[in-house]
Amino acid sequence: MTHPYTDTRTNLIGLTRDELVAKLAEIGEKPFRAKQIWHWLYHQGVTDIAAMSSLSKTLHAKMEQHFYIGRLEVARHLTSEDGSQKWLFRLEDGSEVETVLIPDEGRGALCISSQVGCSLNCDFCNTGTQNIVRNLTPAEIIGQLLAARDSQGEWPSGVDGRLLTNIVMMGMGEPLMNFDNVKKALLIIKDGEGIAISKRRITLSTSGVVPMMARCGDEIEVDLAVSLHAARDELRDVLVPINKKYPLDQLLTACAAYPGARNARRITMEYVMIKDVNDSPDDARLLAKLMHQYQIPAKFNLIPFNPWPGTRYETSSNNAVHRFSRILNDLGYSAPIRQPRGRDIMAACGQLKSDSENLKLKALAAKRAKPDPAPLPV
Ligand code: SF4
């Protein structure tokens, strides 16, 4: 059941197993209850405490006094002609975040947000134009997945033939700037007795928060993607400004040392293809040279730039993208071209939120522009 955000009880979603045990102890319940409740929350996906049928009615009533099962409020849900889906969620404080589901043959990746807005201001990114508001809580990070599963009817967990098989932490925000909450959420999502999405199916994408990369590999143990987008510091300083703090040498050294990275688990180098900016054959050759020099088990993901209103960049031509991919292939690196998805539902990261903000501003402007009511006749 969705509860109003004014609810003063504890949201069961987002608590670790230990926290759940401690919360239950506060109301006099034994630790084994936590295991049962975990199963209902994350394996069965119930949204109502009363639906936990292995617990007594008396316990339901007791729990309902202290806890609730939180679900995010869906502000908008759009489905593209190509099958991808996008949600705009409205949070407790009125902030909004986006989540995208990209289906593929026999699988589907859910792109989850980690922050409201982003502090890193990447020059090609619509989310980067929105100021950072705050970090998402573990409940809000997991809540995006729960809501997507609810809407696809994909409960209980662990049944074959599901659409939502993979997770990419690649939505709004920089996940390594919200490390603790992202870690908590992903450990819950990976837990084998609940949602049980394996670490092989989870990828965390960073724009290069170098000091947190090793901890990500050691403590969360998920695959890594890096928003690279440039092979030269002078260009990356502009496209991905965090590069000024952690330049390519530091970033690539951290990639080479990423725990768990090897040929069977390569690091994905995300590369947005921007016309006449980073799409030359020399750029492709330099990328391959860097991977070789730093001995990084890498693969590339070439993403034709998805323009958004107000951007100064354009998408690379088809020819340029294919030529770039061929050069990387010839030099020994896999470099598939990601097909643009969901253009009709504003799939560029941050675009739906910007659109929603524009609508609100327009509504406000229209209200302000309304002429005063005619004075009453005297
Ligand atoms: S690309 Fe990622 S890190 Fe950069 S501004 Fe956009 S959301 Fe933030």
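**Structural features of the predicted model**

Proline 156 is situated in the loop that connects helix 4 (138–152) with strand 9. In this predicted model, the peptide bond between tryptophan 155 and proline 156 is cis, with omega at about -5°. A further backbone feature concerns histidine 229, whose phi is positive, about 65°, although the residue is not a glycine. Histidine 229 likewise belongs to a loop, here the one between strand 11 (223–227) and helix 7 (233–239).

Strands 9 and 11 both take part in an open sheet of 9 strands, arranged in the order 3-4-5-6-9-10-11-12-13 with mixed pairing. The edges are formed by strand 3 (73–79) and strand 13 (298–304), each of which pairs on one side only. On average, and with direction ignored, neighbouring strands of this sheet are turned by 20° against each other. Within the sheet, strand 6 (residues 107–111) and strand 9 (residues 166–169) run parallel and are joined by 3 bridges. Leucine 110 is placed opposite isoleucine 167 of strand 9.

Helix packing was examined for helix 6 (residues 210–220) and helix 8 (residues 248–256), whose axes come within 9 Å and cross at roughly 10°. Because angles under 35 degrees count as roughly parallel, helix 6 is roughly parallel to helix 8. The contact brings Val210, Met213 and Ala214 of helix 6 together with Gln250, Leu251 and Ala254 of helix 8. By class, the residues of this contact between helix 6 and helix 8 comprise 5 nonpolar and 1 polar, with no charged residue.

The surroundings of the ligand were also characterised. Around the ligand there are 13 residues, of which Cys118, Cys122, Cys125, Thr127 and Gly128 come nearest. The shell around the ligand divides into 6 nonpolar, 6 polar and 1 charged residues.

With regard to confidence, the protein chain has a mean pLDDT of 90, and 90% of its residues reach 70 or more. Residues 368–378, by contrast, have pLDDT below 50, and this stretch has 0 contacts in the model beyond near neighbours in sequence.

Key. Residues are numbered from 1 along each chain as its sequence is written. This is a predicted model: local features need pLDDT of at least 70, side-chain atom pairs count only at pLDDT 80 or more; totals for chains, interfaces and linings use all residues. Axes are lines fitted to C-alpha atoms, for helices over the stretch in contact, and angles run from 0 to 180 degrees between N-to-C directions. Helices (H or I, at least four residues) and strands (E, at least two) are DSSP runs, numbered from the N terminus. Angles under 35 degrees count as roughly parallel, over 145 as roughly antiparallel, 65 to 115 as roughly perpendicular and the rest as oblique. Two residues are in contact if their C-beta atoms, placed from the backbone, lie within 7 Å. Ala, Val, Leu, Ile, Met, Phe, Trp, Tyr, Cys and Pro count as nonpolar, Asp, Glu, Lys and Arg as charged, and the others, Gly among them, as polar. Two strands pair if DSSP finds at least two bridges between them. A residue is near a molecule or strand if its C-beta atom, placed from the backbone, lies within 6 Å of it. pLDDT is the predictor's confidence in each residue, from 0 to 100.
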